[in-house]
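Here is a quick tour of a single protein chain, from its overall build down to a handful of residues. Have the model open alongside as you read.

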Amino acid sequence: MHFTSYLQDRQLTVALSGEIDHHCAKEYIQQITYKIDNYLPAVCILDFQDVCFMDSSGIAVVINALRHMSQIGGKLRLQAIGEQPLKVLRAAGIEKIVEIREAVR
């Protein structure tokens, strides 16, 4: 598990990478929660550009980030999602509750 993040104009971008599965999802959740709680962004963007695989644990990462952003009155956006992670998110109906800006590789 590896990710980078940066804050600019109350917009927190978290660039995820590698595989998101049950082995790393808990740590992603903890780190994203920490960033949201400390920076209190108006918008949080989860960038999936470098995510090569995701199972249903990735849905928990997204839902947790959405819950925390809702608690502070902010919005969550997903972007640059590859084909395989996008299939997982669509199967769960995530696009009904979170804005997705696609940039499928």
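What follows goes from the whole chain to one hairpin and then to a few residues in turn.

**Ground rules**

This is a predicted model, where local features need pLDDT of at least 70 and side-chain atom pairs count only at pLDDT 80 or more, while totals for chains, interfaces and linings use all residues. Residues are numbered from 1 along each chain as its sequence is written, and side-chain values use heavy atoms, with hydrogens and water left out.

**The whole chain**

Start with the fold in outline: the protein chain has 3 helices and 5 strands, in the order β-β-α-β-α-β-α-β from the N terminus. Helices (H or I, at least four residues) and strands (E, at least two) are DSSP runs here, numbered from the N terminus.

On size, the C-alpha trace spans about 30 × 25 × 20 Å along its principal axes. The radius of gyration of the protein chain is 12 Å, which agrees with the value near 13 Å for a compact globule of 105 residues. That radius is taken over C-alpha atoms, and the globule rule is 2.2 Å times the number of residues to the power 0.38.

Of the 105 residues, 47% count as buried. Buried means under 20% relative accessible area, exposed means over 50%, and partly exposed is in between (1.4 Å probe, protein chains only). The accessible surface of the protein chain comes to about 5,700 Å², and carbon and sulfur atoms hold 48% of that; the areas come from the Shrake-Rupley method with a 1.4 Å probe, and for residues only the protein chains shown count as cover.

Contacts (heavy atoms within 4.5 Å) often reach far along the sequence: among those between residues at least 6 apart, 68% join residues at least 24 apart.

As for charge, the mean positions of the 11 positive and 12 negative charges are 6 Å apart. Lys and Arg count as positive and Asp and Glu as negative, with His and the chain ends not counted; each charge is placed at NZ of Lys, CZ of Arg, CG of Asp or CD of Glu.

**The E1–E2 hairpin**

Strand E1 (residues 2-8) and strand E2 (residues 11-20) run antiparallel and are joined by 7 bridges; two strands pair if DSSP finds at least two bridges between them. The hairpin has 2 residues between its strands. Most residues other than glycine have a negative phi. Asp9, in the loop between E1 and E2, has a positive phi of about 50° although it is not a glycine. Arg10 lies in the loop between E1 and E2 as well, and its phi is positive at about 60°, again without being a glycine.

Further along the pair, Ser17 in E2 stands opposite His2. Ser17 also touches Tyr28, Asp50 and Val51, not counting residues up to four places away in sequence. The C-alpha atoms of Ser17 and Phe48 are 6.8 Å apart in space, with their positions 31 residues apart in sequence.

**Burial at a glance**

| Residue | Relative accessibility | Class |
|---|---|---|
| Asn64 | 9% | buried |
| Ser17 | 18% | buried |
| Leu66 | 19% | buried |
| Phe53 | 31% | partly exposed |
| Arg10 | 53% | exposed |
| Lys26 | 61% | exposed |
| Asp9 | 71% | exposed |

**Helices H1 and H2, and strand E3**

Lys26 sits in helix H1 (residues 25-39). Lys26 and Ala60 are 34 residues apart in sequence, and their C-alpha atoms are 8.8 Å apart in space.

Helix H2 (residues 57-71) holds Asn64. Which residues does Asn64 touch, not counting those up to four places away in sequence? They are Ile29 and Thr33.

Leu66 is in helix H2 too. Leaving aside neighbours within four places in sequence, Leu66 is in contact with Leu76, Ile97 and Val98. The C-alpha atoms of Leu66 and Arg77 are separated by 8.8 Å, at 11 residues apart along the chain.

Finally, Phe53 belongs to strand E3 (residues 43-54). Phe53 touches Gly18, Glu19, Ile20 and Gln84, with residues up to four places away in sequence not counted. Between the C-alpha atoms of Phe53 and Glu83, 30 residues apart along the chain, the separation is 9.2 Å.
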